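Reader: Please show the sequence and the structure, and then take me through the model in questions and answers.

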Amino acid sequence: MRLGAGPQVRPADASAQDDVRRANLSAVLRLLHFHGPATRSDLVASTGFNRSTVGSLTSELTKLGLVRERPGVVGGKGRPSNVVEPLSTGAHVLAFDVTPSSVGAARVGLGGYMLQVRRRLHSTSPHDVPAVVQLIATLATEMQARAAAGSVCLGIVVSVMGSVRQPDGLVRRSPPLGWYEVPLADLLREATGHKYPVAVGNDGDLGVVAEYLRGAARGSQDVLYVRGEVGVGGGVVVDGELLKGAGGYAGEVGHIVVKPGGRVCSCGARGCWEAEVGDGAIIRSVGRDPRESEIEDVLSDVAIGNRRSIAGVRKTGEWVGLGLASLVNIFNPRIVVLGGTLGALYPTMEPTLAASYARALGPMREQAMLVRSELGSDAQLVGAAEVAFADVLEDPAGTLDDRTRQADEHEDHPLRVLHQAG
Ligand SMILES: [Zn+2]
């Protein structure tokens, strides 16, 4: 997966002219998608292309329905430069985030605009795979029906907590959902009539993609993202590339052992980081029973200044800092982004977390800045959307062609059926 937010300009001597054209279209669309509307003059400055090249590229993107131009504001010397903007109703993606309590859904337009957001609680147990698949398919149909006429659906991407094999989207294991060997991508392709490409990603990977491209880690090339919830997941961007690993499982940070002989973890081992800093551990640390309380109870206790809860959360902060220090030693990120419950409780944990982090890291600690997620609980939806946009940003015309053909081939044609029946 290519993540670069800047212009990707190929050398001018690229063999085929088509390749150059495709790369140039890609460079302009990428700029508009990630940085928003720009004047033609801005595009000339950012891409290094000359005026007439930029003019012809924006005309082609306009014809494809991916951008539109409007006159710039009059002022200063000379003619105002046209403003080019990404057309959020020209192409969109459907993004989903499956958690143990709910399914989040978003229709996201080109330019990263959240056009529609939904969150539905599971009506049955999240373990009920067919029910979750049906819920996602229903939400996809509902959101698709609200899309602008002519807007091309580029694909469906789903975030899942757990180990997801790439590229086929098989969920190998997700203890929070109780899923093992679930071919989620295949099931969703079937449930949505094979009309759209479907991909499934790990929540930590999609979280780091989101924070890197659109959140707290914008501008950093080396990023560690940690999402603490029922489980603890993570994702790593190294030198602008998502770290995948041999099977796509890299960044499963929840199961590093921080406390030999500690609590039993969902994976069966003892003393994993997840067992010490996951939601269950935090609930216990404030003196509540995880069978009776939820993490929201802790968040509201902390918000009203309950001392016992604050002390418990701070105790957990020590283990958070210790685990982060090990990860920073391995990955040497410029920035560490905390998401999920850990992001929400970071201000409360900060004193103890920073102290144990500094102790364990020593002089290396200045290298990595600790911050809260900027995107919060939307991070997985934003990351999923960007994965679905990657192809059109790489090859705008080719991808639109491809997606339109796929949708047409699998479209139900009531008229045609009637004619055949007659
Ligand atoms: Zn474990």
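The questions below concern strands, cores, open and closed spaces, and two single residues.

Author: This is a predicted model in which local features need pLDDT of at least 70 and side-chain atom pairs count only at pLDDT 80 or more, while totals for chains, interfaces and linings use all residues. Residues are numbered from 1 along each chain as its sequence is written, and side-chain values use heavy atoms, with hydrogens and water left out.

Reader: How many of the residues of strand 15 are buried?

Author: Helices (H or I, at least four residues) and strands (E, at least two) are DSSP runs numbered from the N terminus, and buried means under 20% relative accessible area, exposed over 50%, partly exposed in between (1.4 Å probe, protein chains only). On one side of strand 15, Ile335, Val337 and Gly339 are buried, and on the other side Val336 and Leu338 are buried. For strand 15, residues 335-339, the number is five of five.

Reader: Which residue of strand 16 is the bridge partner of Leu338?

Author: Two strands pair if DSSP finds at least two bridges between them. Strand 15 pairs in the parallel sense with strand 12 (residues 223-228) over five bridges, and there Leu338 is the partner of Val226. Strand 15 also pairs in the parallel sense with strand 16 (residues 369-372), over four bridges. In strand 16, the partner of Leu338 is Arg372.

Reader: Which helix joins strand 15 and strand 16 in a β-α-β unit?

Author: A crossover is right-handed if, with the strands pointing away from the viewer, the path from the first strand over the helix to the second runs clockwise. The unit here is right-handed, and its helix, residues 340-361, is helix 11.

Reader: Which helix gives the largest share of the largest nonpolar core?

Author: A nonpolar core is a set of buried Ala, Val, Leu, Ile, Met, Phe, Trp, Tyr and Cys residues joined through side-chain atoms within 4.5 Å. The largest has 51 residues, and Val337 and Phe389 are among those with the most contacts inside it. The largest share of this core, nine residues, comes from residues 379-394, which form helix 12.

Reader: What is the volume of the largest pocket?

Author: On a 1 Å grid over the protein atoms alone, a cavity is a set of points where a 1.4 Å probe fits but cannot get out, and a pocket is an open set with protein on both sides within 12 Å along at least five of seven lines; lining residues have an atom within 4 Å of a point. Grid points are joined across faces, edges and corners, and a volume is the space filled by probe spheres set on the points. For the largest pocket, the volume is about 1000 Å³. Of its 43 lining residues, the closest to its centre are Glu229, Val230, Asp279, Ile295 and Thr341.

Reader: How much space lies in the largest cavity?

Author: There are two cavities of 30 Å³ or more. The largest cavity is lined by 17 residues, including Gly162 and Glu274. The space in this cavity is about 160 Å³.

Reader: Why is Gln144 classed as partly exposed?

Author: Gln144 lies in helix 4 (residues 129-146). Leaving aside neighbours within four places in sequence, Gln144 is in contact (heavy atoms within 4.5 Å) with His92, Leu94, Cys153 and Tyr196. Gln144 is partly exposed because its relative accessible area is 22%.

Reader: Why is Ser52 classed as exposed?

Author: Ser52 belongs to helix 3 (residues 51-63). Ser52 is exposed because its relative accessible area is 57%.
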